[in-house]
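User: I have a new model to go through. Can you walk me through it in short answers?
Analyst: Yes, send it over.

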Amino acid sequence: MVVLAEGAEARVSLHEHTVVKERVVKFYRHPALDMMIRRGNLRKEVKLLEKAGAFVPVPKVLSSSDTEMVITMEHIAGEKLRDVMGSIDHRSVFVQIGRYVAQLHDAHIIHG
C-alpha cells in the first residue's frame, strides 16, 4: 500500500488498483464522540460521491465500512491538477471545473 495523501481527517492510499480512504482517530475527542463523528462523515461522503456521480466524473465507490472507517474507490489514473499547472491551458481546464461545480450546485451538492 502506497500513501497518496495524509491530512487532518483521513489517510488516502493506493492499494493494488483501488484507492482506500481511511478516516483517522482523533485522540483528543472522547472515543464515543469520535466514532459518531467519523461514522457520520464517512456515510455522508459515500452518499455524496454516489449522488455526484450522476452529474460529474467522480471515483466510483466500490465499498465502505463504517466500522473500519474506510471507503474503497476506483483509482483514476492521471496527474494532480496542481502538478501540471505550468503545462496546461488554464482557461479550458478552469472553465470545465466551473461547469462541474455548477452542475453540483444545481443538484444541491455544495463542495467544501
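**Notes on the model**

User: Start with the first helix. Which exposed residues does the face of α1 turned away from its buried side carry?
Analyst: That face of α1 carries Ala32, Met36, Lys44, Lys47 and Glu50, which are exposed. Exposed is over 50% relative accessible area, buried is under 20%, and partly exposed is in between (1.4 Å probe, protein chains only). Helices (H or I, at least four residues) and strands (E, at least two) are DSSP runs, numbered from the N terminus.

User: Before I go on, what am I looking at, and which cut-offs apply?
Analyst: This is a predicted model: local features need pLDDT of at least 70, side-chain atom pairs count only at pLDDT 80 or more, and totals for chains, interfaces and linings use all residues. Residues are numbered from 1 along each chain as its sequence is written, and side-chain values use heavy atoms, with hydrogens and water left out.

User: Back to α1. Which of its residues are buried?
Analyst: Asp34, Arg38, Leu42, Glu45, Val46, Leu49 and Ala52 are buried in α1. Viewed down the helix axis, the buried residues of α1 fall within an arc of 140°, so they line one face of the helix. The arc is taken from the directions from the helix axis to the C-beta atoms.

User: How far does α1 reach from its first C-alpha to its last?
Analyst: With 22 residues, α1 reaches 31 Å, close to the 32 Å expected at 1.5 Å a residue. The expected span is 1.5 Å times one less than the number of residues in the helix.

User: And α3?
Analyst: α3 has 17 residues and reaches 24 Å between its first and last C-alpha, close to the expected 24 Å. Just after α3, His108 takes a positive phi of about 65°, although His108 is not a glycine.

User: Is His108 buried or exposed?
Analyst: Exposed, with a relative accessible area of 68%.

User: Which residue in the loop between β2 and β3 has a positive phi?
Analyst: Glu16, a residue other than glycine, has phi near 55°, and its place is in the loop between β2 (10-15) and β3. Glu16 counts as exposed at 66% relative accessibility.

User: How do β1 and β2 pair?
Analyst: β1 and β2 pair in the antiparallel sense over four bridges; pairing requires at least two DSSP bridges between two strands. They form a hairpin with three residues between them, and Glu6 stands opposite Arg11 in β2.

User: Different topic: pockets. What volume does the largest one have?
Analyst: About 1,200 Å³. On a 1 Å grid over the protein atoms alone, a pocket is an open set of points with protein on both sides within 12 Å along at least five of seven lines, and lining residues have an atom within 4 Å of a point. Grid points are joined across faces, edges and corners, and the volume is the space filled by probe spheres set on the points.

User: What lines the largest pocket?
Analyst: 29 residues, of which Leu49, Pro57, Val58, Pro59 and Ile76 lie nearest its centre. The elements giving two or more lining residues are β1 (2-6), β3 (18-23), α1 (31-52), β5 (70-74) and α3 (90-106). The largest share, four residues, comes from α1.

User: How does that lining divide into nonpolar, polar and charged?
Analyst: 20 nonpolar, four polar and five charged. Ala, Val, Leu, Ile, Met, Phe, Trp, Tyr, Cys and Pro count as nonpolar, Asp, Glu, Lys and Arg as charged, and the others, Gly among them, as polar.

Conventions. 1 Å grid on protein atoms, 1.4 Å probe; cavity = no way out; pocket = protein on both sides within 12 Å on 5 of 7 lines; lining within 4 Å.
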